[in-house]
Amino acid sequence: MVGRILELEGYIILKAETAKQGINFFERNELQLVLMDIKLPDGNGIELARNFKQVKPEVEIICLTAYGNISDGVRAIKNGAFDYLVKGDDNNKIIPLVSKAMEKANLQFKLIRLQTRVNKLMGFENLIGKSKAIQEAISTAKKVAPVDTTVLLTGPTGTGKEVFAKAIHANSKRASEAYLAINCSALGTDLLESELFGHKAGAFTGAAKDKNGLFQEADKGTIFLDEIGELNLELQAKLLRVLEDGTFIKLGDTKETRVDVRVVAATNRNLEKEVENGNFREDLYYRLSVFSIQLPTLNERIEDIPQLVDHFVAQFSAKTGKKINKAEKPFIDALKKHNW
């Protein structure tokens, strides 16, 4: 009866008479909503709801029961059900409740599709090049991406350090959380400290209200610190503390803020030499370089130039609205001879 009511509302329905049949439907179809009796011939709907939500948390579940048992309803909600209905009292409630559950499910599915698209744009498939040098760097980055550790990307400006950082984030356990980036050489010391760690109202002239820093905004996600070698020693000490125990004190605050953030850092400087010269803390260097990846210069991957040219020609022709099929061979040859 419930199935027929929902079919008349335009929903596509799969009807299962047992838990076993329902599990089969759940595994083989992209469902958005499950209506499930608590008393099943071969199982318990509340336990099944928990199992379903563990496998596909984006699917919404409404439990149905013939018994107005409040404890069953509470258990169903705790196990992830959207809501529960008492049978016999459901005729007027089922349609609006299903509509609300479907709205939530549709939103979650849209977010998943959007996240998938973002991950594709940020993923390793966007790293261009078939040369041994770049493939070795990509292979190393793929190994470290799922491991929740700090990564240091080194190499001259223009070698693609931020592209690698995004790909590492997109292929990590934190992919669904925030990815934030900042160039440490672009801001003065005081402003950079405020941007990274935030401040309390009145901490300095112009600080009219409390502000969260990037570390707090990136909580559970990833922060990319570009040009890390430009940090002064005072900020290096503050960053070291975050890496050691996940805490920092905002400007003008007296209590600690705790965060869970993965740090990917990048530099075009030789940090070992900077340590020798007293410009960079040795303990911070070892914290950052838990996993280090040296990115090759274009001189080390000349054979990738044609593929890179094709990529940029396609990108800029789309942006300018001009049809450019390819770059001519003499132009490619000239690029290959250039001293990058």
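In the predicted model, three strands associate into an open sheet with the order E1-E4-E5, and the pairing is parallel. The edges are occupied by strand E1 (33-37) and strand E5 (83-86); each has a single partner strand, so one side of each is left without a neighbour in the sheet. On average, and with direction ignored, neighbouring strands of this sheet are turned by 20 degrees against each other. The parallel pairing of E1 with E4 extends over five bridges, and methionine 36 has cysteine 63 in E4 as its bridge partner. Helix H3, comprising residues 45-55, lies across E1 and E4 and runs at about 160 degrees to E1.

Strand E4 spans residues 60-65 and includes glutamate 60. The relative accessible area of glutamate 60 is 1%, and this residue is therefore classed as buried, the limit for that class being under 20%. The side chain of glutamate 60 is joined to that of glutamine 108 by a polar contact of 3.0 Å. When residues up to four places away in sequence are not counted, glutamate 60 touches Gln32, Leu33, Val34, Lys53, Phe82, Ala101, Lys104, Ala105 and Gln108.

Leucine 107 belongs to helix H5, which covers residues 94-122. With a relative accessible area of 52%, leucine 107 is exposed, the threshold for this class being over 50%. Leucine 107 and threonine 18 are 89 residues apart along the chain, and a distance of 29 Å separates their C-alpha atoms.

A further open sheet is formed by five strands in the order E7-E10-E13-E6-E14, with parallel pairing. Strand E7 (179-183) and strand E14 (291-294) are the edge strands, each of which pairs on one side only. Within this sheet, neighbouring strands are turned against each other by 15 degrees on average, direction ignored. Strand E6 (residues 151-154) pairs with strand E13 (residues 262-267) in the parallel sense over four bridges; the bridge partner of threonine 154 in E13 is threonine 267. Helix H7 (residues 161-170) lies across E6, E7, E10, E13 and E14, and its direction is at about 155 degrees to E6.

Packing between helices is illustrated by helix H8 (residues 189-197) and helix H10 (residues 233-245), whose axes are 11 Å apart and meet at an angle of about 10 degrees. H8 is therefore roughly parallel to H10, given that angles under 35 degrees fall in this category. On the H8 side the contact involves Thr189, Leu192, Glu193 and Phe197, which meet Glu234, Leu235, Lys238, Leu239 and Val242 of H10. By character, the residues of the contact of H8 with H10 comprise five nonpolar, one polar and three charged.

Two loop residues were examined for their backbone angles. Lysine 220 is located in the loop between helix H9 (214-217) and strand E10 (222-226). Its phi is near 75 degrees, a positive value in a residue other than glycine. The relative accessible area of lysine 220 is 43%, so that this residue is partly exposed. Glutamate 227 is found in the loop between E10 and H10 and likewise has a positive phi, of about 55 degrees, although it is not a glycine. At 11% relative accessibility, glutamate 227 counts as buried, whereas lysine 220 is partly exposed.

Technical notes
Residues numbered from 1 in each chain as written. Predicted model: local features only at pLDDT ≥ 70, side-chain atom pairs only at ≥ 80, totals over all residues. Heavy atoms only, no water. Buried < 20%, exposed > 50% of the residue type's maximum accessible area, 1.4 Å probe, protein only. Polar contact = N/O pair within 3.5 Å; in protein donor to acceptor, adjacent residues only side chain to side chain. Contact = heavy atoms within 4.5 Å. Pairing = 2+ DSSP bridges. Axes fitted to C-alpha atoms, helices over the stretch in contact; angles between N-to-C directions. Parallel < 35°, antiparallel > 145°, perpendicular 65-115°, else oblique. Nonpolar A, V, L, I, M, F, W, Y, C, P; charged D, E, K, R; others polar.
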